[in-house]
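Student: Please choose one part of this model and look at it closely. I would like to know what surrounds it, and what each term means.

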Amino acid sequence: MTALVRYLSTTLLLSQRYLAPVLLFIGLLVVLTSNDNGPLTGSYGAASGAALVCSTWLTGALVGLEDQAHHSVVVVNAGDSRRVLLGTVCTAVLWCLLLTALGLGIPFLTGSHRPTGADLLLGTEAQLTCALTGIAVGLVCSRLVFRRQGHALLLALVLLTALLAAKGLPPVNPLLSDLVAATRPADLLVPTGGLLAVAAGLLAAAAALTRAIADRRS
């Protein structure tokens, strides 16, 4: 699995398809947190929203790195499609951990804050929750599921809009609402941990659905 993750990460680096979602993440975070002197929860709410969109884009780019012929070769070398899909998910999570580190640090460069341990832990939980949700969306809207990328893009936009705007729809909307209204970050650690577990469950379900459809198509 380590070799597969290394291969996928190297291929993504060489393809430079990571640049657009990573630069979008950094750009959104700089704009949304510039000159911010308020609570860190607001800045981390902005980072979490950006992580949702950019992790979806990054996952789609990662899945679409190779054409069908090259993908088949990778599946044969890996042993089966399940291992390749798991490696893809692990690679996406690894890249999202890098985005999370950027999301934790950039608000200190663009604003003035005095962080606490609870702030940093809450920011990590929140961004990972949105990142795992974004990876799930990216999988079900990838070329493994859709032959026509126009349909995949439309579904991704619908899903992202619903996750962000549908009031009370877990895990993203209640998370962002809680971050905006937070007065004591420590009080949100447990509820946010629960939403992180929900996001992990969504990712597992999305991976299972993606594999079932991809195997049926092949």
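Tutor: What follows is one connected account of a single helix, its two helix partners and some residues of interest.

This is a predicted model, in which local features need pLDDT of at least 70 and side-chain atom pairs count only at pLDDT 80 or more, while totals for chains, interfaces and linings use all residues. Residues are numbered from 1 along each chain as its sequence is written, and side-chain values use heavy atoms, with hydrogens and water left out.

The part is helix α5, residues 81-110. Its label comes from DSSP runs numbered from the N terminus (helices are H or I, at least four residues; strands are E, at least two). Two packed helices are described by the angle between their axes and the distance between the axes.

Take helix α9 as a partner, residues 189-217. Between α5 and α9 the packing angle is about 140 degrees, and the axes are 11 Å apart. (Axes are lines fitted to C-alpha atoms, for helices over the stretch in contact, and angles run from 0 to 180 degrees between N-to-C directions.) The angle makes α5 oblique to α9; under 35 degrees counts as roughly parallel, over 145 as roughly antiparallel, 65 to 115 as roughly perpendicular, and the rest as oblique. The α5 and α9 crossing is right-handed, the term for a near helix turned clockwise from the far one by less than a right angle, anticlockwise being left-handed. On the α5 side, S81, R82, L85 and V89 take part. They meet L203, A207, T210, R211 and D215 of α9, where contact means heavy atoms within 4.5 Å.

Helix α1, residues 2-15, also packs along α5. The axes of α1 and α5 come within 9 Å and cross at roughly 60 degrees, so these two helices are oblique to each other. Here too the crossing is right-handed. From α1, the contact is made by L4, V5, L8, S9, L12 and L13. From α5, the residues are R83, V84, G87, T88, C90, T91, L94 and W95.

S9 shows this contact at the level of one residue. It sits in helix α1 and is buried, with a relative accessible area of 12%; buried means under 20%, exposed over 50%, and partly exposed in between, using a 1.4 Å probe and protein chains only. Leaving out residues up to four places away in sequence, S9 touches T91, L94 and W95, and those three are among the α5 residues that contact α1.

Further along, α5 contains G103. G103 is buried, with a relative accessible area of 0%. If neighbours within four places in sequence are set aside, the residues in contact with G103 are F25, L29, Y44, A47 and Q127. Another glycine, G123, is 20 residues from G103 in sequence, and their C-alpha atoms are 8.1 Å apart in space.

One last residue belongs to the loop between α1 and α2 (19-33), namely Q16. Most residues other than glycine have a negative phi, and most peptide bonds are trans. Q16 is not a glycine, yet its phi is positive, about 65 degrees. An exception on the peptide-bond side lies elsewhere, between P170 and P171, where the bond is cis with omega near 0 degrees. P171 is in the loop between α7 and α8.
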